Amino acid sequence: MTITRELKIKNTLSGEKEIFKPITEGKIGMYVCGPTVYSYVHMGNVRTFTSFDVIYRYLCYLGYKVRYVRNITDVGHLVGDVDEGEDKIAQKARLEQLEPMEVVQKYTNDFHDVMLTMNNIPPSIEPTATGHILEQIEWVQQIIKEGLAYEVNGSVYFDVLKYNSEHPYGELSGRKIEDLLSNTRELDGQSDKRNPLDFAIWKKAEPQHIMRWNSPWGEGFPGWHLECSVMSTKYLGETFDIHGGGMDLKFPHHECEIAQAVACCGTKPVNYWMHTNMLTMNGVKMSKSAGNSFLPNELFAGDHELLEQPYSPMTVRFFFLMSHYSSQVDFSNEALQAAEKGLKKMTTAYELLQNMNAESFTGSGDSETAKRIQNSCEMCHVKMCDDFNTPEMVAAMFDLCSVINSIENKQIKITDLDAGTFELLNNTFSGFLLDVMGIKIESDANDEGNEEAVNILMEVRGLLRAEKNYALSDLIRDKMAEAGIEVKDGKG
Ligand SMILES: [Zn+2]
């Protein structure tokens, strides 16, 4: 299948919006840095992965065959994102008195639950760092062979200065090696590194370190930056199309990924780098220490002092879509409530659309109304092709909402447009709402299920009353009242 629409992507590497050209026509390889599974997934990550979910969805919608790889970091990410100290997962295992792999499983499950609740499509491949230790050791060996890494005392470090003498280090984040050097503290004599900018690609495991593997340099574990290079190359090739992540990963994580790949494979790993922006709450950067962050489930339940009410996962999803992925998103009750209203508008229009019939439209495709619909439908694509501009796509969708409402209340008549234009409206609106925006319609099937559950409860309660078990039957009545269902005892 040939894809005719021209897509532009703002490439962090060049700082420019570039016309997207995949390496292989019709196919895309996309890698997104996944979570380090040592705690419940935080809202910043949810935003990043939802942004890339929409990007993934739109690429698929355009007709690309996308291989989407998003890793799970289950070893090697040290506390404080530095080269010395405790592994985040090992630390949590110690604190929670669990096996490291229990920590990994627990928080991977939580992560998957939240992704599913947010209606994010699972990636094509979700590799783990611990599942690729052998490949990481091979990379370390190759980089040593290329003369760009050195072993000291069981650890292996990437030689940034030597690398920089042949290739620019810092070009993704726009940093200069001189500035980096003047901003780093001198080594205190405790470190094995030749230079403070060098980073570990393999670390010796100290006796108390529980996550450890055999290697040519003794027992140790891989450096955090290495896993993404290894796994993206393994599944997407030495050079692939899109690499994404939160902007906090630009430096040093992604910068190191580039250096490792160039050192090991001799090629730049990625054609288009994309970064999502941060979250704030009422204008202040969200963080645990500021006390203004909440977990996804607290947001869905409205269970936090900063939240006036619960916000459904689809409201949160729609709220994210109302900002560009590269802009900051500011959480506030006001903004979330506006998103809730906006989403309601969309889903109501979608439901109205289901009861309309293309054949009933008998007008012309050249009418003002038909042209307005054609234009707004086209705008949905034009905006998404312009670096995935979701807020402007949503604006075009709102125009289609008003059209649907006007058809419903007969301000637009069946003679005002033709069947073909209505089909276009139906396909575009439904396609963008469900497939691109990824909004899950809370359907009547749910209500039917609830109704059935209520009927079963009523039946059980009837049996209990027949047995004169009033304590239990009253308990059911009270619990149902709490859930907003009133039960009246009477004949029938
Ligand atoms: Zn990564």
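Here are a few notes on helix 14 and on how domain 1 meets domain 2 in this predicted model.

1. Start with the domain layout. The domain assignment splits the protein into domain 1 (8-276), domain 2 (281-436) and domain 3 (444-482). Between the C-alpha centres of domain 1 and domain 2 the distance is 34 Å.

2. Now the contact between those two. On the domain 1 side 24 residues take part, touching 20 residues of domain 2. Strand 1 (8-11), helix 1, helix 3 (100-117) and strand 10 (270-276) each put in at least two residues on the domain 1 side. Helix 1 has the largest share, with eleven residues. As for chemistry, that side of domain 1 comes out as eleven nonpolar, eight polar and five charged residues.

3. Helix 14 covers residues 419-436, 18 residues in total. From first C-alpha to last it reaches 24 Å, close to the 26 Å expected at 1.5 Å a residue.

4. Have a look at which way its side chains point. T421, F422, L425, T428, F429, F432, L433 and V436 are buried in helix 14. Seen down the helix axis, these buried residues fall within an arc of 160 degrees, so they line one face of helix 14. E423 and N427, on the other side, are exposed.

5. What do the buried residues of helix 14 pack against? Their partners are helix 1 (43-62), helix 11 (333-354), helix 12 (368-385) and helix 13 (390-408). Helix 1 is worth a second look here, as it also supplies eleven residues to the side of domain 1 that touches domain 2.

6. One last backbone detail: G438 follows helix 14 and has a positive phi, near 70 degrees.

Terms used:
Residues numbered from 1 in each chain as written. Predicted model: local features only at pLDDT ≥ 70, side-chain atom pairs only at ≥ 80, totals over all residues. Helix = DSSP H or I, 4+ residues; strand = E, 2+ residues; numbered from the N terminus. Expected span 1.5 Å × (residues − 1). Buried ≥ 20, exposed ≤ 12 C-beta atoms within 10 Å, placed from the backbone. Arc of directions from axis to C-beta. Contact = placed C-beta atoms within 7 Å. Domains from an automatic or database assignment. Nonpolar A, V, L, I, M, F, W, Y, C, P; charged D, E, K, R; others polar.
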